[in-house]
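Okay, thanks for coming, everyone. I'll put the structure up and then walk through it piece by piece.

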Amino acid sequence: GIGPYDPQNIFAKILRGEIPCNKVYEDDWVLAFHDIGPKAPSHILVIPKGAYVSFADFSAKASGEEIVGFNRALGAIARELGLEEDGYRVIMNVGPNSGQEVPHYHAHLLGGGPLGALIG
Ligand code: 5GP
């Protein structure tokens with residue numbers, strides 16, 4: 001695992017407005033912004049406003065409202081950015097095996113061009 005939630009992680013600072021981001025969407029449940037090191041033509045990070053270290057933590061502890069809010073926003077952001085028609089990929093890294101670097105749950109939304117096969 002990656003331990004308890006650290007309120008000094010970089011995404012917590014972005015949520016508090018202490019560090020800037022290139023915002024694409026915000027509502028009561030999520031903030032979405034461009035990844036600083038894009039791995040696809042469009043690479044967006046979607047993060048919950050609540051303090052969860054990873055998808056594992058979020059899926060176990062978040063309320064139904066938070067989970068629905070997060071997932072609806074994720075789909076809507078992809079649609080509104082025009083990624084849906086040609087398709088996209090969502091990745092959540094969890095813990096050391098995945099290489100997760102930032103210990104605040106985030107979904108990577110990747111699209112805008114062919115992504116290559118990852119599985120299948
Ligand atoms: P992870 O490996 O934790 O799943 O992904 C962390 C992602 O956050 C990486 O793709 C990295 O480029 C991105 N990132 C790290 N620091 C910052 C930052 O300060 N601002 C933004 N916009 N992205 C960041």
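**Walking through the sheet and the ligand site**

Let's start with a pair of strands: β4 and β5 run antiparallel, with 4 bridges joining them. If you want a residue pair to click on, take V90, which stands opposite L109 in β5.

Before I go further, what you're looking at is a predicted model. How confident is the predictor here? The protein averages a pLDDT of 97, and 99% of the residues score at least 70. For the complex, the predictor gives an ipTM of 0.99 and a pTM of 0.97. As a general caution, where pLDDT is low, the predicted coordinates should not be read in detail.

Back to the strands. β5 also pairs with β3: these two run antiparallel and are joined by 5 bridges. Two pairs to look at there: S42 has G111 in β5 as its bridge partner, and L45 has H108 in β5.

So which strand does β3 also pair with, in an antiparallel way and through 5 bridges? That's β2, residues 30-34, with β3 itself being residues 42-48. On your screens, F33 stands opposite L45 in β3, and L31 has I47 in β3 as its bridge partner. L45 turns up in two of these pairings, then, facing F33 and also bridging to H108 in β5.

Then we get to β1, residues 23-26, which runs antiparallel to β2 with 3 bridges between them. Here Y25 is partnered with A32 in β2. The two strands form a hairpin, with 3 residues between them.

Now, burial. Why do I call β5 largely enclosed by the rest of the structure? Because 4 of its 5 residues are buried. The argument for β3 goes by its own count: 5 of its 7 residues are buried, so the rest of the structure largely encloses β3. One thing to keep in mind when you look at side chains: in a regular strand they alternate between the two faces of the sheet.

Okay, annotations. The UniProt record, an unreviewed entry, has "domain: HIT" over residues 10-120. In the model, that span is 27% helix and 23% strand, and its end C-alpha atoms lie 33 Å apart.

The same topic brings me to the active site. Which residue does UniProt list under "active site"? It's H106, again from an unreviewed entry. H106 lies in the loop between β4 (88-91) and β5 (107-111). Is H106 buried or exposed? Buried, because it has 27 C-beta neighbours inside 10 Å, and the cut-off for buried is 20 or more. Skipping residues up to four places away in sequence, H106 touches F11, L45, V46 and I47. You've met L45 and I47 already: L45 is the bridge partner of H108, and I47 that of L31.

On to the ligand. How many residues surround it? There are 13, and the closest are I36, G37, N93, E101 and V102. For those of you thinking about chemistry, the shell splits by class into 6 nonpolar, 5 polar and 2 charged residues.

Two more residues before I stop. First, Y5, in the segment before α1 (10-15). With 16 C-beta neighbours inside 10 Å, Y5 counts as partly exposed. Y5 and A51 are 46 residues apart in sequence, yet their C-alpha atoms are 6.7 Å apart in space. Leaving out residues up to four places away in sequence, Y5 touches A51 and V53.

And then D57, which lies in helix α2, residues 55-61. Why does D57 count as buried? Because 20 other C-beta atoms lie within 10 Å, and 20 is where the buried class begins. Setting aside its neighbours within four places in sequence, D57 is in contact with Y52 and Y105. As for K13, 44 residues apart from D57 along the chain, the C-alpha atoms of these two are separated by 19 Å.

To recap the strand pairings: β1 goes with β2, β2 with β3, β3 with β5, and β5 with β4. And H106, the residue UniProt lists for the active site, lies in the loop between β4 and β5. That's my bit, so over to you for questions.

Notes: Residues numbered from 1 in each chain as written. Predicted model: local features only at pLDDT ≥ 70, side-chain atom pairs only at ≥ 80, totals over all residues. Near = placed C-beta within 6 Å. Nonpolar A, V, L, I, M, F, W, Y, C, P; charged D, E, K, R; others polar. pLDDT = per-residue confidence, 0-100. UniProt positions renumbered as here; feature names shortened; annotations may be inferred. Buried ≥ 20, exposed ≤ 12 C-beta atoms within 10 Å, placed from the backbone. Contact = placed C-beta atoms within 7 Å. Pairing = 2+ DSSP bridges.
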